[in-house]
Amino acid sequence: MAQALFQSSFLACSDLSSNSSKGSDIFGSQLRSPEIELSQLRFLSCYKRNPTLRLKALMESPGLAQDTVDDKPKVTRMIKEVPDHFKELKHRFLSFKKDKYLSNLEHYNGLAEAQVPKFMVIACADSRVCPSSILGFQPGEAFVVRNVANLVPPHENGPTETNAALEFAVNSLEVENVLVVGHSCCGGIKALMSLEDEAISSSFIKNWVIAGKPARLQTKAVASDLNFDQQCRHCEKESINRSLMNLLTYPWIEERVIRGKLSIHGGYYDFTDCTFEKWTLDYKGSTMLSESSCSIKNREFWA
Amino acid sequence: MAAKLKKCMMLCCTRKPMKEEMTKETCEEAIVALQKLLSEKGELKAVAAAKVRQLTAELAGARNNGAVKSVSDPVERIRTGFDQFKKEKYQKDPALYSKLAVGQSPKFLVFACSDSRVCPSHILNFQPGEAFVVRNIANMVPPFDKTKYSGVGAAIEYAVLHLKVENILVIGHSCCGGIKGLMSIPSDGTTKSNFIEDWVKICKSARTRVETEYKNLSLEEQYSQLEKEAVNVSLGNLLSYPFVREAVVKKTLLLKGAHYDFVKGSFELWDLDSTLSPSITFRL
């Protein structure tokens with residue numbers, strides 16, 4: 001059983017000036033010489049035997065190490081030069097700490113005690129659409145779930161990470177608004193629209209985006225004369241509406257919406273021309289759920 | 001209890017215009033009720049303090065703008081945010097944004113908590129295009145399961161196979177509600193929530209470890225250890241995805257764990273070290 005050896009390197013939080021040698025200690029990477037025959041994955045079998053995988057933190061600085069194996073010749077491990085993305089992250093964290101955290105210490109101390117966000121946002125994991133960037137949410141303002149294609153599966157689909165987060169945000173944090181934000185050129189929606197395509201052989205993506213199937217069906221029904229890209233765009237927006245309706249399949253959400261304690265909004269960010277469209281769900285009662293489209297109000301377009 | 005607290009807050013910091021004497025009286029009544037409530041329920045203190053700060057800030061904003069209604073209007077809030085983004089970021093770097101409009105090639109896949117205080121774009125200043133970010137309760141990565149955990153699996157698959165990210169970073173944080181929830185699940189297995197406990201028990205093995213090895217620590221210190229051990233369990237779970245394992249073995253993918261402590265203002269970072277040792281041949 002592999003022994004647990006948990007080591008960590010603290011990025012200096014008080015010492016902002018000296019970054020010298022610490023950077024290279026953060027990680028090192030090792031390349032095996034090509035002469036070595038690779039055996040089966042030892043760490044995998046270790047993992048299978050040992051459900052609580054013990055992890056060892058690498059603290060070695062770059063250098064050479066030798067290993068002797070049975071009757072095989074001595075092996076020299078070589079350290080490969082890799083770009084140190086994590087050095088950059090260290091600088092960024094220290095800048096955040098200096099420019100934001102320390103200059104608003106009272107605010108951050110308050111946040112450390114409790115969070116009272118007014119928004120819950122469901123957004124795509126796409127690197128271009130972080131809600132903090134495009135909508136300017138500051139620390140403490142929005143409880144955010146990010147998944148592929150910003151989907152909210154309905155209650156009947158069973159437990160997912162998305163509805164666990166919804167439960168927490170709505171019942172524990174008591175947010176006042178839920179905002180589902182979709183976006184242009186969404187890879188997840190494209191995968192949904194391409195489901196019969198043999199290229200999408202990956203089961204994970206398929207198994208997840210299938211929750212958006214009603215949006216795809218509606219798109220095919222009303223927009224089949226459009227080209228594929230235009231259909232995808234239509235589906236991106238329709239999928240947001242489906243997600244808004246799926247929110248109402250959760251009784252504790254519907255109940256709050258009826259009481260006027262919770263508002264549900266949709267948003268669409270088009271990064272090809274930097275525009276944002278926003279609308280609010282106009283909830284008329286449980287008959288709405290059986291309808292194929294949802295009623296909306298207060299639509300705005302920001303350009 | 002939370003509802004009662006909210007009512008007190010609303011009375012105390014009403015935004016509707018009222019006659020001064022009436023306002024004062026109602027406010028005083030509300031303050032007395034609030035004080036009584038807080039003395040009865042100490043744990044509400046933090047939430048109450050946060051609410052007071054929030055409402056005070058809003059009212060201060062309202063006075064400055066001269067308008068009472070729209071400061072806390074959610075639509076107004078995001079509209080302002082979007083306008084600022086467009087002016088200060090989008091329009092100032094057209095080259096970057098036109099490139100991003102065509103495609104993304106982030107180097108990072110980041111798992112972060114949904115907590116409003118720990119957005120990776122703030123603490124690590126990720127710019128658009130740099131990080132494919134999954135956010136869920138307690139930043140957990142479940143083990144490979146195409147049916148039960150298709151959401152996270154889809155994100156990892158897309159990031160590793162399609163976007164070809166070079167790094168996966170799992171970031172835990174201080175005062176994590178999900179981790180507290182994990183620690184609080186009764187040992188008889190009964191659950192209070194519909195979905196939350198079902199999700200956080202992904203890192204059940206981390207809780208077992210903390211309870212065994214750190215049982216002499218205070219509860220707060222145990223939470224802190226659990227926040228980090230859960231990250232380790234998630235890192236291990238990443239290796240249960242064949243495409244992750246393959247990329248790690250080929251050295252095209254690095255796995256790292258991290259912990260952001262917003263109480264102390266610190267950031268901890270560590271590696272998952274996974275190497276193949278040379279084979280040993282057993283001969284007769």
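Which residue of S2(B) does Ala112(B) stand opposite? In this predicted model, where local features need pLDDT of at least 70, side-chain atom pairs count only at pLDDT 80 or more, and totals for chains, interfaces and linings use all residues, the partner of Ala112(B) in S2(B) is Arg135(B). Residues are numbered from 1 along each chain as its sequence is written, chains are lettered from A and ligands numbered from 1 in the order in which they are written, and side-chain values use heavy atoms, with hydrogens and water left out.

Helices (H or I, at least four residues) and strands (E, at least two) are DSSP runs numbered from the N terminus, and two strands pair if DSSP finds at least two bridges between them. Strand S1 of chain B, residues 108-113, has two such partners, as set out here.

| Partner of S1(B) | Residues | Sense | Bridges |
|---|---|---|---|
| S2(B) | 131-136 | parallel | six |
| S3(B) | 167-173 | parallel | four |

Within S3(B), Leu169(B) is the bridge partner of Val110(B). Six of the six residues of S1(B) are buried, so the strand is largely enclosed by the rest of the structure; buried means under 20% relative accessible area, exposed over 50%, and partly exposed in between, with a 1.4 Å probe and protein chains only. Phe108(B), Val110(B) and Ala112(B) lie on one side of S1(B), with Leu109(B), Phe111(B) and Cys113(B) on the other.

His122(B), placed in helix H6 (residues 120-123) of chain B, counts as buried because its relative accessibility is 13%. Leaving aside neighbours within four places in sequence, His122(B) is in contact (heavy atoms within 4.5 Å) with residues including Phe96(A) and Pro139(A).
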